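Biologist: Please give me a close reading of one part of this model, chosen so that its elements can be followed from one to the next. I would like the setting in the whole chain as well.

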Amino acid sequence: MPATIQQISEQVRAYNPAADLDGLAEAYEFASQAHEGQLRRTGEPFVHHPLEVCLILAELHMDTATLKAALLHDVVEDSGVPLEELRKRFGDEVADLVDGVTKLGQIKVATPDDETHSNNMRKMLMAMAKDIRVILIKLADRLHNMRTLSGLDAEKRHAKALETMEIYAPLANRLGISNIKWELEDLAFYYLEPKTFHQVQKMVAESREARESYLYQVKDQLHTELEHVGISAEIYGRPKHLYSIYEKMRNKGKDFSEIYDLIALRVIVQSVKDTYGTLGTVHSIWKPVPGRFKDYVAMPKFNLYQSLHTTVIGPAGRPLEIQIRTEEMHRNAEYGIAAHWRYKEGGKADQSFDARLSWLRQMLEWQTEMKDPREFMEALKIDLFEDEVFVFTPKGDVISLRRGSTPLDFAYAIHTEVGNHTVGAKVNGAIASLNHELQMGDRIEILTSKNASPSRDWLGIVKTSSARSKIRNYFSKVTRVDDLQKGKDELQKVLRKHALSMSSTSGTKALAAVAKEMNYVAADDLLAAIGASKVSPKQVVTKIIKQLQKLGAKLPAEAEPETRNVPLPPTTPMQPPREKRRRSQTGVVVKGIDDVLVRLARCCNPVPGDEVIGFVTRGRGVSVHRADCPNARDLAAQHERLIEVEWDTGNSATYQVEIVIEALDRTHLLHEISSVLAEAGVNILSANVTTDRHGISTMRFLFELGNMERLPGLLTEVRAIEGVFDASRMMPAPVSAGKKGAKR
């Protein structure tokens, strides 16, 4: 029989007497009208599906906002109801949950292994980070779809089952919702390998009567012994799910009769103290199997699962697995993160809620560092299934890592910079190699040096996806920066032979045009290619000269194209003196010296009005910094290379300005800010936007501006845009920021 709203209301009233049952009934009526006349592929009325999804969540004891969203989760996508109508009728909280589920429902993939699916998994995790209830609704939705999967054709059934086994069942496991995880696995197993499923099912059924008789005997014996020591407990048999039986037979090469936990007891006691007391009683009755004891009470799993596990040799020499836990531990094991939900009507979440989602935050951090979506997908699959090893910091903090991890994995788990500056490690007080495999309970101390940096060999040492990604990210950045600087130097060297410079406006435009001509996205990409010896700087300079001619720029005699066998006449008109051209380009003059190359430092982008200092570089002229630039303060120690500079008040050059904007993220925000800058006539060179999990965006714009007196007014216009908190000129930061060593 399909679920009814009355059945759901009774279920909710039992665990939450203060629940908004009238609002729940209103949501049902709305969904019923929206889906009127719609049928599922099984032939039943469509509204049965949201009712079943709502009942699954009610069994997890979810809040009424989640239950309302479950009833309404398909009305936007399948019935064309505007989201704003839901917002008016049921409030922002319910509407946002429905919106999140709707967006996840729009994920369409061919197979779980393709690149599109990998990208969509990123979106899915992002939605989870905003509100975990979205994924709980999605899991309930997937569970009911799997229960009714027979309505699809064979190909679609297989695709849905595969996606369920690889993505949704592991997610349910990570969130600790074992009830949903087990059912999803068994249903997917049924559709993926039907013959094997029926074989395992038959073997379990054939041994059922003997197992039940055996369990009755050991339950009675254990109950009597616990009463003697004053421990009150509930004891019952633990059902073994078919897929977990098959998995152990397949992965460990065991025969059906060798599956230890096929016969299993679960003991529920009143306190943590009683869990260990019960364990002692069990081991006094039956002999424990070596290596088969696990203490998840003192060391909970990633998903906060807690229980004592032991396997003993029971009566008649048969292995018997026993799980011991408190009532709260049992509730957490069955309902996972849903058991921790503290949303009441208008209330706030449990303060420790974010801590329970630490694995999710890690996955989000890793996905921002992984440029290849397929790499991210592989990492997700590995980390959803991985075994764990718990180790300690010198201060006694517990760090959970993938089994087989090394001190390098530990270092990167502490902090990226700790990993990048690692030179050695101590394990339990003794020096250990960086490829040493960490064991449960090891105490790790990382030795660092501010002058140390990663080695490419480390990629073959680390075992965790996070550490591998951070090492690759380091080399990607380092190589890029080195190649870019080398490319600039090599190109400038050839340009100087032709009396040209990249710093002029025409030179910048010509370089950008050449980069586009050579199929590079930006000029910096071309410069990096020169630095990596992929492109000849002479070839680029030849193209730059041609572009300058197209732009109508006057070329110095040294840059004019040669005519075969015809020498240049001595009376060829020359450009104005080079020092004047340079002064007009930068707007800065060196006191007492005319013929010198001057360039504005990119680290602080000085503009007229800023107090500036000059620094004589090796082979690159005078570098001009703002006086408050941290890099300039470092250079000031080299007194002999400082030189006095000043602004050329009669200059009409353009200047690079970098501003930072903080705002509340919303649709069209970037477009509105870009429009204000464009209307002011500035030339935007680059833009960088990041948004944190709280919805706060930080935007950095680098642009060219001719009249610096317009900057304050421009910033005022940006601050007036809706949602913008602040807009200001970027303060200079030292190049070496973030490179210092760390001790742990």
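Modeller: The account below begins with the chain as a whole and then turns to a single sheet and its surroundings. The model is predicted, so local features need pLDDT of at least 70 and side-chain atom pairs count only at pLDDT 80 or more, while totals for chains, interfaces and linings use all residues. Residues are numbered from 1 along each chain as its sequence is written, and side-chain values use heavy atoms, leaving out hydrogens and water.

The chain contains 28 helices and 21 strands (DSSP runs numbered from the N terminus: helices are H or I of at least four residues, strands E of at least two). Of its 744 residues, 48% are buried (under 20% relative accessible area; exposed is over 50%, partly exposed in between, with a 1.4 Å probe and protein chains only). Among contacts (heavy atoms within 4.5 Å) between residues at least 6 apart in sequence, 66% join residues at least 24 apart.

The part I have chosen is an open, antiparallel sheet of 4 strands, in the order 19-20-18-21 (two strands pair if DSSP finds at least two bridges between them). Its edges are strand 19 (683–691) and strand 21 (724–729); each has a single partner strand, so one side of each is left without a neighbour in the sheet. On average, neighbouring strands here are turned by 15° against each other, direction ignored (axes are lines fitted to C-alpha atoms, for helices over the stretch in contact, and angles run from 0 to 180 degrees between N-to-C directions).

The pairings can be followed across the sheet in its own order. At one edge, strand 19 pairs with strand 20 (residues 696–705) over 8 bridges in the antiparallel sense, and within this ladder Val 689 faces Met 699 of strand 20. Helix 27 (residues 669–679) packs on the sheet and touches strand 18 (655–664), strand 19, strand 20 and strand 21; the helix direction makes about 20° with that of strand 20.

Further along, strand 20 is joined to strand 18 by 10 bridges, again antiparallel. One position in this pairing is Glu 658, which stands opposite Leu 702 in strand 20. Strand 18 is also mostly covered, as 7 of its 10 residues are buried. Strand 18 is joined to strand 21 by 5 bridges, and these two strands run antiparallel. There, Ile 661 has Ala 727 of strand 21 as its bridge partner.

A second helix also belongs to this picture. Helix 28 (residues 711–719) lies across strand 18, strand 20 and strand 21, and runs at about 160° to strand 21.

The link from strand 18 to helix 27 merits a separate remark, since the loop between them holds His 668. With a relative accessible area of 56%, His 668 is exposed. The phi of His 668 is near 70°, a positive value in a residue other than glycine. Most residues other than glycine have a negative phi. Elsewhere in the chain, Asn 428 also has a positive phi, of about 55°, although this residue is not a glycine. Asn 428 too is found in a loop, the one between strand 9 (422–427) and strand 10 (430–432).

For contrast with the exposed loop residue, two cysteines may be added: Cys 54 is buried at 0% relative accessibility, and Cys 629 is likewise buried at 0%.
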